[in-house]
Amino acid sequence: MTGEEDDGRPSDVTGSGPCETRLWRSLEELAGSEEVRRFGGAEFPEAATPETIDRRALLNLMTASLALGGLTGCAVNRQPWGAPLLAQPRLAPQHTPGVPLIFATSLELDGLGRGVLVRSHDGRPVKIDGNPLHPASLGGTDVFMQAEVLSLYDPDRSTVPMAGGMRRSWDDASLYVTQLSHQFQANAGRGLHILLEPCASPTRDRLIALARQTLPEARWYFHAPLTDGNTHVATARVFGRPLDPVLDLMQADVILTLGGDPLGAGAGHIRYAADYAQRRHARDRPLPRLYSAETSPSLTGARADHRLALPPREIEALARQVLDLVRNAAPPPAAPQSLAAIIAGDLRRAGAGGLVVPGREQAADVQAIAHAINVELGAVNRTVRYVEPIIQASTDQSSSLLALAEAIGRGVVDTLLILGGNPAYDAPGDLEFADLIGRVPSSLHLSYYFDETSRVCRWHLPARHALESWGDLRAFDGTAGLRQPVTVPLVEAMTAEDVLAQLVGEAGDGHAHVQATWREVWGEEFDARWPTALEDGVIAGSAAPAASLAAPVGWSPPPAGPPVAAGYSMVVFAPDPSVWDGRFANNGWLQELPKPFTKQVWGNAALMASDTASALGLATGDIATFTHGGRTIEAPIWIMPGHAPDAVTMTLGYGRRAAGRQGSQRGFDAYPLRSSRELWALAGVTIAANGRRDALISTQHHHGMEGRDIVRVVPATGPVNWPVEPRRSMYPDYVYDGNAWGMSIDLDLCLGCNACVVACQAENNVPIVGPDEVAQGREMHWLRIDRYFAGVPDAPETYFQPVPCMHCEKAPCEVVCPVNATVHSSEGLNEMTYNRCVGTRTCSNNCPYKVRRFNWFNYNQKPPAAPDAVQNPEVTVRWRGVVEKCTYCVHRISTARIAAKMEGRPIRDGEVMTACQQACPTRAIVFGNINDPDSAVYRCRENPRSYELLKDLNTRPRTTYLARIAGLGRGSVGGTR
Amino acid sequence: MVQLFRPQADTAFRLWVIASAVVVIIVLGAGYIYVRSDAFWRVGATAPMQPIPFRHDLHVAGVGIACAFCHSTAERAAHAGMPTAHACLTCHSQILQGATVMEPLRTSAALGTPIAWTSVTRLPNFAYFHHGVHIRSGVTCETCHGRVDQMRETEKVHTMSMAWCLDCHRNPAPNAVRTEPEGSAVEGSRDSLKVSEIFAAPLTNCSVCHR
Amino acid sequence: MTDSRVERSATEAARIPLSPRYGRGWLAALIASVLMVLVLAYVIAELVVAGIGIWGTNIPFVWGFDLSNYVWWIGLANGCSLFAAILVLRRHSLRTAINRFAEGLALFAVICAAIFPLFHLGRPWLFYWTFPYPATFQVWPQFRSPLTWDFWAIITHLIVTTMLWYVGLLPDLATLRDRARTPVARRVFGSFALGWRSSVRHWAFHQRAYRLVAIAVIPLALVIQSTVAFEFAITLVPSWHETRLPLHYVVSGLESGLGLILLAAAALRGSLRGIDRFIDDEDMNLIGKLLLANALVACLVYAGEVASALLAGPLMVEAILNRLVGHYAGLYWGAIALSVLLPQALWSSRMRRSNPAGILIGLGVIAGIWLDRLSIIVGGMQRDYLPSTWRIYAPTQPEWALFLGSIGLFAAMFLLLMRFLPVVSMSETRHDEYREASS
């Protein structure tokens, strides 16, 4: 029924398979190019040696020509002669002013690398997309990758070293660091304690190893609020040593997730989402069956065929039952098959095709049970492979934050270096870590912002942004990728590697450190492999091999602990879908990004089921007091359909006190309630309403489809036949003899992950309007994702529907605009011409999809507007009083058309990719020429699942949807299309 | 009672009415003409102050340098491109090297700072123009920029109003002599409208220039 | 001998409206309304500087107070001018009493109405782009758009209403010229009187012109109300997308006009001593009956609204039910109560003759129609196609200020009219009384 889509294979998608010439460049390739040599030979002293045009000079050149990149201001230029024409002293080789360059590099999240391509206009990075060659991306992205470029230009980032609250020069700072290194090299590092974020960077690991040798007495600690050791504890229990699971969802026929969100968040989720989507549409394979047992709704759960909303302890119970039933095929006790029995049955039938995925927040026992089941099913090395830990940072107790706290308590810490992270904010509340840092005589914090930790440390050094620095990162599957700067450092700053290098006295800059690392690895192959690795951003064949497991004995879990007393006392912590662990708190794109389920923006809330809330006498918006062990926080309540009873979910990362102008004092901070013993689930919390209310800001206020034909769902088996009404219209049809652009969105593949929304915002200069304006109902997103609940409130079906402009064939907006500002193009686009718009807004009145946005104020100039530097020069920056909307990325179409014209050929299918399409990890969005029977979008429209939104209105949208395929429900493997 | 108005008052009044009508018509007509005039669009005006008194006539007509030598990206990119200081210095490191008028050039080369030329033909920010595709479609430099080779001071020779753009976008044939590249899908055609029909949208779509 | 009496009565008639004794009440009222005009000026400045974000509008409620107030003012204007024109054409005795200020009210209402469509634009300074003129960017208006039609509607309305008022005023200007004391006033009135000498020829021309303009007003009023209605009826919004909307607007617009006339007449009778000789009980009686009749028609229209919606598709049903019982139900029922139920009081002739009752009912009807407009525009917008976009709209202070400011402007203009021009037509009065006398 489905599956004609040829998507999933990234190389086809970007038209840049390894066979073809690469889309993107490496700086060194540019720097080492012929032009540069010629410069070197030229008669100008400062260009005497080729070395003088290094990356930095090159980037300087490109950045200098930034003015030509067209920082399109909001109004026509004031002075009569327009902006000046800048004549550069020298052009960067292979760089044509105004023509973007694309660089491959790696970004980090939770210490793991994700390969990206950065599009840079005249030395100005403006857009990030996935690297099709990188296993953790396959060309797809998530919201954090997309938004990283805005953080680069964050005006609130730290720019100068600080000491005791005073601004210091870099000379002072480096002097201090040098003193440290001398002092500790003298005493072998006694009294030196270093706190790092766990990070899978070979170079960092090498430097740490070096430092451990040169400073044997120094103590090393690793802390990140979201990466605790549970995974390794669990694998150690089952396999005897810590391992990391790497999933292969292409092979999985039956999947059981115990908490977590493998498709939506966490290690490798972009890849997993892509694999799962591809498997769903592999015609020759049966539909995979996905069971999700989870406490709070996740994207995976929303996608699941059968979702169970269970509080943590019941998840554990379920896991134990399933393990037993999988182990001994004894007939289940209960005559009516218990759910556990059904799941176990499915898993047994699936055998090696079965897979159990534990969430990182699950107790070590639960995770261990999950791995045990995988072993039992023989799924190891089929649907899941276990590899040696990707993040080298040892996770034993001696290097935990707890240990550091004790050390400080004992007073043995003379000097504390905190290289990255923000423990004063995100350490578990019971440690009182901010106070502890204060007790350390000499402390230094390296960070991107002058944040909570920087304020309590003696010294603060500004850190470089990932897009400004060299480095290397290993992905969730061990594949290593290089990180290269794509812009000159916008401020003088250091990386953690720089500091470590200084400590061990290794000379050179980040570039040298990374090269040193890979020289060790590659030996004499280095010169041959480095350039390609740098250009690809990926080091081929560096994926971690499956660990050889000594035939694991049938590990059985310890007996379950005493049952927790039932009651509304279980608080579960989760990373926030918008600001993650709090590091993105000052990022306007992410703050204004509606969270997938609540559609809340600029804040967070404590999610609970309606029964729980009513039992507590709470309603959405009420502020409640949560108390545990003398620690108290206040949080507004959000009644979440599909949330497990007897539990409350709090997302971390909000309530920042020193995040910056946009991020501070938003939402509530859940870290103080967190306990260093139980990081994820806290029992015995007392909850009391305190009578106050909080105005929670959300972009969607009605959650049902009111029985309307909005999101269509078709049965997994059997044909689809919808009635076809005749089309009638009083106006003659347009004829399209050239291209006719159209888009198809597959609701069966869409996970609701929001990547497309941020991608659209980044690509099209969509303004950030701020919480007050969103509360007013004025968010500007060109592409929104509607979320509907269907079925019973306790266990609803959740549907996501991305809604861009429909580019109607019979567009209602066109006929009502008095000034012809929005018109129909000869390629069927519904074009919006901002400079003609007078702002009657009647087009929005007449748009049944309500996709049109209006600039009520001069949003691009008033805070929290994105800085000019991040604006895409290819797209007009809109000004006050004009309507705007999705254009199908018409500037990309223009670019492709111009390229085609200049090469005297038609535009190829797949040559034009919209920003949302490019960002989508599951390739749910297909765009192209619907006149071309060979185009992917044409095939999508021919698909029987294809339908038009609000078809009755006869607007004939160019954007069509592919109906979602109904879940298989429970029981009996199988179900084919 | 005493006569308030003289007998001619009626005539005067009528004349006044007619006169005011005429004035209105004249004002409107004048406005219509003015917004189409060269003065309004600064045609023929030259930039008041350029960092260097550069003379196209000497370089193009005199020395015989081709446009694309200095404006090197005009044939392939949106921006025509301004000559780099190093490009200028290929000659001017010998010729006129000591001249004070060349000071900005030397400064630029030495300090790596760009030279800010005053732009004579500048489109508003919401209009996107691509030099390359126009040249590729057979629009010559002088079609829009005039006989720069005869200009002592560079001046604007066309209004560059939207109407002026549209004249050609509606009927490119007179100004666009398109020759197809080797192995192109279509045979050479004088009428680039036909070409654009084959390859792309008609040139009058708003999104051709406004994004 | 009759002539002498007629002369006396006529001069008396002429003196009354301009009697120097206007007293503190008038001054206080004028000051109050001028202050409101200042508020209006401030808000408009704020709009132009900051942008219309200072309003409570959003997506999907892109229109709120701006358009509903516009529709309301236009309704008032049309009601007044239509009513006046009919009186002129029928040579009805009421016209002596009503026409002058009816025409004035119409003119002022149009001026107030024109404020809103202009300043509701995102970029008001570009309003002229809706006018087809040969621009150098060679783009023309979208003639299929009702908003383009509306541009013409407002201009035409302004011109015709002004003419109706001015033509009617001509003979009185002549009288004023003759009675003016200072030479300046004499010249001013004189030039505006266009050399009127009350010759028979003048009268003949004048009557023809007056009636011609009046004839022009009648279709115009209907056309303009329909054009305004089209701005909503053309769109896909379920509760707007109805062919009956123009009828609704004409009927309720006329009712609000009558309400305004009743209000003004009663107010004048209350404030200007002696004027009840010219706006007498019989006149009030007639106005009252007309308003009552119109209210009954409006009642029919309201019923038709619900009926036609209920007979239409499920979306329409949901939309109308939402207007009746939803978040904005108050607006709807307020409209019903004030514009349909309240006028029923006019069944009693005592009510029709009492000034306080007239003022109260007039105000009530006007307010009712205002609520009706708001209910249609805001309440009607609340339920459309995709539930994910449903929201709430609430006006902000600037919107209220703009609304009250426009009322202030209206009041100020009317007060000045009262002061400096005769509020009842001297010539017509003279004409009628002469007929009475000679009969």
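**Exercise 1.** Find which residues lie nearest the centre of the second largest cavity, and work out its make-up.

*Solution.* Start at the centre: of the 18 lining residues, Thr699(A), Glu779(A), Arg784(A), Asp786(A) and Arg853(A) lie nearest. A cavity here is a set of points, on a 1 Å grid over the protein atoms alone, where a 1.4 Å probe fits but cannot get out, and lining residues have an atom within 4 Å of a point. Next, look at strand S29 (residues 784–790) of chain A, which gives the most to this lining, with three residues; strands are DSSP runs (E, at least two residues), numbered from the N terminus, and helices are H or I runs of at least four. Then sort by class: five nonpolar, six polar and seven charged. Nonpolar means Ala, Val, Leu, Ile, Met, Phe, Trp, Tyr, Cys and Pro, charged means Asp, Glu, Lys and Arg, and the others, Gly among them, are polar.

A quick note: this is a predicted model, and totals for linings use all residues. Residues are numbered from 1 along each chain as its sequence is written.

**Exercise 2.** Explain why the largest cavity lies between two domains.

*Solution.* First, its residues: 40 line it, and the closest to its centre are Glu108(A), Glu197(A), Gly421(A), Tyr448(A) and Arg583(A). S18(A) supplies the largest share, three residues. Now the domains, whose bounds come from an automatic or database assignment: domain 2 (162–227 + 393–536) and domain 4 (570–693) of chain A both give residues to the lining, so the cavity lies between them. Finish with the classes: 15 nonpolar, 12 polar and 13 charged.

How values were computed
Chains lettered and ligands numbered in written order. Predicted model: local features only at pLDDT ≥ 70, side-chain atom pairs only at ≥ 80, totals over all residues. Heavy atoms only, no water. 1 Å grid on protein atoms, 1.4 Å probe; cavity = no way out; pocket = protein on both sides within 12 Å on 5 of 7 lines; lining within 4 Å.
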